[in-house]
Amino acid sequence: MTTIIVIENITPQVGVELSQDQGPQGGVGATGPTGPGGPTGPIGATGPTGSTGATGATGTTGATGDTGSTGPTGPTGATGPVGATGSTGLTGPTGPAGATGATGPVGATGVTGATGPTGPVGATGTTGATGPSGPSGATGPQGTTGDTGPTGPVGATGVTGATGPVGATGPIGATGPQGVTGDIGPTGPAGATGPVGATGPQGVTGDVGPTGVTGATGPAGATGPVGATGPIGATGPAGTDGATGATGPTGTTGATGPTGPSGTNATALPDILMLGGM
């Protein structure tokens, strides 16, 4: 597509041609060679899972045992005497705590219910066919054999025993000592190990056999009775109250203050004024 724009205000007029045509695209560079990868054998298809067997029926629950009777309550301890009231002073010590009553015996354990019969074992599913074994990899070349060490020197030949005299037959002479054995030559170096052959493809996995049915659950045994509760121990005596402290002495009465002066008589003033005016 080509677009032509004419600009009229410029003298001389100029035509600008805008082209959206693309230039030639450069060629794609050559892809480098991919290294050779060993062929992976195909993985065999997984066989279908066998159906789950039906769950056996649940056995009945055994009856609950009777609850044991509650033990009697122990007697209440006697109340200690009230201390005499006196002066308030230090608080008396707290009396000792009463002894704890003995724990009652534990009730007998109930009889365990009989174990239910074990359900039949489900049939074992058939074993899937074993997939074919992959081809064995090529055997690597055998390493070179190391050099044979030099042969040790031959031991000296033992002395031959003397031949006995010839008679009907004389005794055989004693055998001479054995010569010394030569040293063993050093062992040559081990040859290089050849490359390991390629691993063959994995065989197909056989089908999984069906799961057998689960056996029925046996009934639960009966629960034994609860043991009786032991008696509650007696309450210890209450501690004595501390003595009340003595009452402090009464303070002395203060001295009586002096009596104030008596006021003047107001009715006498008019008489004095009258006397002065005369």
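Colleague: What makes up the accessible surface of the chain, and how much of it belongs to carbon and sulfur atoms?

Modeller: In this predicted model, the accessible surface of the chain comes to about 23000 Å², and carbon and sulfur atoms account for 60% of it. Of the 278 residues, 6% count as buried, a label that requires a relative accessible area under 20%.

Colleague: Why is Pro-75 called exposed?

Modeller: The relative accessible area of Pro-75 is 63%, and the label exposed applies over 50%, so Pro-75 is exposed. Its place is in the loop between strand 2 (14–19) and helix 1 (269–277), and, leaving aside neighbours within four places in sequence, Pro-75 is in contact with Ala-234 and Thr-235.

Colleague: What makes Ala-78 count as exposed?

Modeller: Ala-78 has a relative accessibility of 59%, and because the cut-off for exposed is over 50%, Ala-78 earns that label. Ala-78 is likewise found in the loop between strand 2 and helix 1, where it touches Pro-237 and Ala-238 once residues up to four places away in sequence are not counted.

Colleague: How do you know that Ala-138 is exposed, and which residues does Ala-138 touch?

Modeller: The value for Ala-138 is 61% relative accessibility, which set against the cut-off of over 50% leads to the conclusion that Ala-138 is exposed. Ala-138 lies in the loop between strand 2 and helix 1, and, not counting residues up to four places away in sequence, it touches Gly-197 and Ala-198.

Colleague: What is the order of the elements along the chain?

Modeller: The chain has one helix and two strands, and from the N terminus on these run β-β-α.

Colleague: How confident is the predictor in the chain, and in which of its elements is the mean pLDDT lowest?

Modeller: The mean pLDDT of the chain is 75, with 81% of its residues reaching 70 or more. Among the elements, helix 1 has the lowest mean pLDDT, at 43, whereas strand 1 (residues 2–7) has the highest, at 59. Over residues 266–278 the pLDDT is below 50, and this stretch has zero contacts in the model beyond near neighbours in sequence. Where pLDDT is low, predicted coordinates should not be read in detail.

Terms used: Residues numbered from 1 in each chain as written. Predicted model: local features only at pLDDT ≥ 70, side-chain atom pairs only at ≥ 80, totals over all residues. Heavy atoms only, no water. Helix = DSSP H or I, 4+ residues; strand = E, 2+ residues; numbered from the N terminus. Buried < 20%, exposed > 50% of the residue type's maximum accessible area, 1.4 Å probe, protein only. Contact = heavy atoms within 4.5 Å. Areas by Shrake-Rupley, 256 points an atom, 1.4 Å probe, with all protein chains shown as cover. pLDDT = per-residue confidence, 0-100.
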